[in-house]
Amino acid sequence: MDYSRQIAAIGEEGQLRLAQAKVLVAGAGGLGSSLLPALASSGLGAITLYDPDTVSASNLSRQLLYRKRDIGRYKADAAHDFLADINPDISIQAFRKSFAFDGQYDLLIDATDSLPHKQKLALFAWESNTPAIIGALSPLEGNIFLQQRRAPGIPCFHCLFPEVGTTPQLRESFREGVLSALPQFAGSAMAYYAILLLLQKPVTGNLIRITPSGTRTLRQAPSQACPYHPGTLSHLENANQ
Ligand SMILES: [Zn+2]
C-alpha cells in the first residue's frame, strides 16, 4: 500500500506510529462499514474486530462492507475478506463472537448498536487507561464520544451517559431505523478521530454531535455524581461501603 499522500500530511513518523498501532473494533455493522475500511486503508498495524451477526438483506442499504452475495455469511468473515482486499499489508483478525477485552490495544472502538456493550467497553477502557471511541446513532443524529486517558477534567462515558434508557440521544437505532447515509458519516468521523488520537494530536472536544442543524464538537466536564472519578462525592461513598 502506498501511503505517500498521507505521509505528506502526517510525516514518516506518524505513518510509523499508525503501523505500530493495535486497535479493537466492536461491531461491523453500519458504523463499522465506513470506519473499518478507513482504518485499514490508513495503514493501522493491526485491527481486531468482532461481530456475532450474519449479513441480512436489510443491511445492504447502508452497510457497504457487504454485497448481496454475502447474505447469510458471518459479518466477521465477510468484513475480514473485504478489509484484507483493501490492504493486504496489515494484520486483520475477525471474530464471530465477543471475547474478553485485554490491555493489549492502543485504542478501543465501539461501533455496536448495544448500549450495555458500550458501557462495558468504556468502563474497561477507563479502568485500563486505554483511549476509547464510542459511536451511537438515533434515526437522524449521530453521537461520538471520545474517552481519553484518565486525567483531571477528563470525563468518562459513564459521566455523560450513566444509565441505559435515560439518554434519549443514545437510543438504540436498531428498532427505530436510521437514515442510510448517517452511519457512513459518523463511522468516517470515528475513523478520523481514531487516527488523531493514535497520532497523539491534541483533540480538545470529547462529544461530537451530528445533527440536522450542524455538526458540533462539545467539551464536557466530568460528572460530580460519577462513581469512577476519584474525588467525586459518589466515588467517596463507594469507597466507604
Ligand atoms: Zn465518569
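Start by selecting I144: this residue stands opposite I208 in strand β7. The model is predicted; local features need pLDDT of at least 70, side-chain atom pairs count only at pLDDT 80 or more, and totals for chains, interfaces and linings use all residues. Residues are numbered from 1 along each chain as its sequence is written.

Now select strand β6, residues 142-147. Strands (E, at least two residues) and helices (H or I, at least four) are DSSP runs, numbered from the N terminus. Six of the six residues in β6 are buried, meaning 20 or more other C-beta atoms, placed from the backbone, lie within 10 Å of a residue's own. G142, I144 and L146 point one way, and N143, F145 and Q147 the other. In a regular strand, side chains alternate between the two faces of the sheet.

Add β7, residues 207-211: β6 pairs with β7 in the antiparallel sense over four bridges. Strands pair if DSSP finds at least two bridges between them. Add β5, residues 132-137, which pairs with β6, also antiparallel, over six bridges. Find I133 in β5; the bridge partner of I133 in β6 is L146. A hairpin of four residues joins β5 to β6.

Next, select M190. Beyond its neighbours within four places in sequence, M190 is in contact with L31, L35, I109, A111, I133, G135 and I144. Contact means C-beta atoms, placed from the backbone, within 7 Å.

Last, show helices α2 (residues 30-42) and α7 (residues 181-198). They pack at about 35°, with axes 7 Å apart. Axes are lines fitted to C-alpha atoms, for helices over the stretch in contact, and angles run from 0 to 180 degrees between N-to-C directions.

Methods
Two residues are in contact if their C-beta atoms, placed from the backbone, lie within 7 Å. A residue is buried if 20 or more other C-beta atoms lie within 10 Å of its own, exposed if 12 or fewer, and partly exposed in between; C-beta atoms are placed from the backbone.
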